[in-house]
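This report describes selected features of a protein chain, beginning with strand pairing and ending with a charged surface patch. The sequence and structure are shown first.

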Amino acid sequence: MTESHPVPQRTHYCGEIGPADADHSVVLTGWAQGSRDHGGIIFIDLRDRTGLAQVVVDPSRCPEAHALAESVRSEYVLAVQGKVALRPKESINRNLPTGTVEVFVDSLQVLNPAKTPPFAIEDGEISESLRLQYRYLDLRRPQVQRNFLLRHRVLQSVRAFLSREGFLELETPILTRSTPEGARDYLVPSRVNKGRFYALPQSPQLFKQLLMVSGFDRYFQICRCFRDEDLRADRQPEFTQIDVEMSFVEQEDVLEVIERLMAGLFQKCLGVEIEIPFKRYSYREALALFGSDKPDLRYESLMQEDVTDLVKDTEFEIFRKVIKAGGKVKGFSAPQLATLSRKNLDDLTKFAIERGAGGLAWMKVEEGGLTSPIVKFFKQEMLDGLRDKFGANTGDLLLMVADQPAVTDEVLAALRAHVADLYHLKTNPFGFAWVTDFPLLKRNEEEKRFEAVHHPFTAPVPDDVALFETSPERVRSQAYDLVLNGQEIGGGSIRIHQREVQERMFSALGISAQAAKEKFGFLLEALEYGTPPHGGIALGLDRIVAIMAGVDSIRDVIPFPKTQRAIDMMMDAPSPVEEEQLKELGIDLKPPD
């Protein structure tokens, strides 16, 4: 491209032309996905974010364009002007939205040539490390762009819904002070105030509570959050929350708004109807039924049952030893899997053992009763009781684990998901659930102190406040998690809005009055100036979009993500900085180990 050839004004996106544009002149711009020379006539697939258009360069129509088209290679940036024509019936591409038309070129410009990319931009399998190193090329791929078009629609829908509901979109600081909220903070040294540090926010928790003190009543923010923690597929050092806070509310008010928000998102963005209200389980119910506080409702048939009392007098030595040692026998019924081979069952046993179980007991439900190498150790009334307890029908398979309660729950939760995936037992693509009534505190045996299960600003159940000093482990919280397909996609609570209760919470956490004043003095003082009852929730935007898009990792829905070692492979960050910059900040670095 030169000064004498300015960029032509685009009239249509590539993926938007159709039969209605036949015989009309159009200008398209985009990237050459590929070209084919068919007897002198060159066909180029021109791509932009909306899709592909086939352009035809005929030497008899425009010799200059044809001469230039011969040099075009993959990912060249082009501008074409030409006339839309209907394709002959035998040339129609039914797999392409624009496959009924093509553009006969009258002029062609190469706006920029391109080196051969390190991988094909067309959809295909590419190693993640290569994708992240050349993320700007990876983002050109149609399957990746679809994820970000969905993310855009989700964000627009969230803003529209919450605005209609009377919420104000307000921003909170990125540079703040370090406060203990669970994960490590990312620290930012101050040049102006040497020896002092800002912290990047793990969440806007304290600021949004202060906005409620300020009388804004209903707040939301699409906010960036930062946590220096070990990473996995659903974690990143920086991520995005849909942050919501409301005044003069109880738990039910928050849950009702969020249910309508989520149902609206799925209807508008995916065309999927979500039934509300969502199913609700207390923390204890979720553990009892699913072995997890993140129940996956896509396969509700695999409910976990505790059969310890039923089999406590069995002659099966493994069960007897576990029960005598204070363990539990739990399991579930897998519908119509009694046909599994012994090898299949051995593979399931191996799966359970790899996750910490001592083994896996199984029984097949057949016409004549339960069959298994171990049924001889059980009285008939026990076998009948097992079938009734699991609600099993002929053709079903009973799977049981005997171990200490925590191990049993963990193994069965993993086994339940594994069986559902392996044998296609999922009946509901999107399973929402609320989990409520969490304990407020948990004991950290290593440090010999209590920690907040959610965060230090979660309100206790009013009737339990008196237990702070005598039985802190029995204090229940007004906290709630939103779970989708076995993943926590949101967490919130009613907040503490009285200074005296907040001080008792800090004391239960082992935070001295002096430390509380130093770190949270501004909050404690604010609570004395007429703070309304309030509560809210933070929804993980990245996780929500990943589930909606059907991808396994949130890295696929974040434009420029980090690796599991928190490295940006494209920018090579984090990176060393100049010695002069460190001097300005008053920082001396020790040599790395």
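In this predicted model, Glu305 stands opposite Gly331 of strand β13. Glu305 belongs to the pairing in which strand β12 (residues 305-306) and β13 run antiparallel, joined by two bridges. Gly331 also stands opposite Met400, a residue of strand β16. Between β13 and β16 (residues 397-403) there are seven bridges, and these two strands likewise run antiparallel.

The pairings of β13 are set out below.

| Partner of β13 | Bridges | Direction | Residue opposite Gly331 |
|---|---|---|---|
| β12 (residues 305-306) | two bridges | antiparallel | Glu305 |
| β16 (residues 397-403) | seven bridges | antiparallel | Met400 |

Strand β13 itself covers residues 328-334, and six of its seven residues are buried, leaving the strand mostly covered. In a regular strand, side chains alternate between the two faces of the sheet.

A separate feature is found towards higher residue numbers, where Glu578, Glu579, Glu580, Glu584 and Asp588 form a negative surface patch. One of these residues, Glu584, lies in helix α16, which comprises residues 579-585. Glu584 counts as partly exposed because its relative accessibility is 43%, a value between the limits of 20% for buried and 50% for exposed.

As for the chain as a whole, its secondary structure amounts to 16 helices and 22 strands. The protein chain has 593 residues, of which 48% count as buried. Its C-alpha trace spans about 90 × 75 × 55 Å along the principal axes.

Key: Residues are numbered from 1 along each chain as its sequence is written. This is a predicted model: local features need pLDDT of at least 70, side-chain atom pairs count only at pLDDT 80 or more; totals for chains, interfaces and linings use all residues. Side-chain values use heavy atoms; hydrogens and water are left out. Patches are made of residues with over 30% relative accessible area and no salt bridge: like charges are joined within 9 Å, nonpolar side chains (Val, Leu, Ile, Met, Phe, Trp, Tyr) within 5 Å. Accessible areas come from the Shrake-Rupley method with a 1.4 Å probe; for residues, only the protein chains shown count as cover. A salt bridge is a side-chain nitrogen of Lys or Arg within 4 Å of a carboxyl oxygen of Asp or Glu. Lys and Arg count as positive and Asp and Glu as negative; His and the chain ends are not counted. The place of a charge is taken as NZ of Lys, CZ of Arg, CG of Asp or CD of Glu. Helices (H or I, at least four residues) and strands (E, at least two) are DSSP runs, numbered from the N terminus. Buried means under 20% relative accessible area, exposed over 50%, partly exposed in between (1.4 Å probe, protein chains only). Two strands pair if DSSP finds at least two bridges between them.
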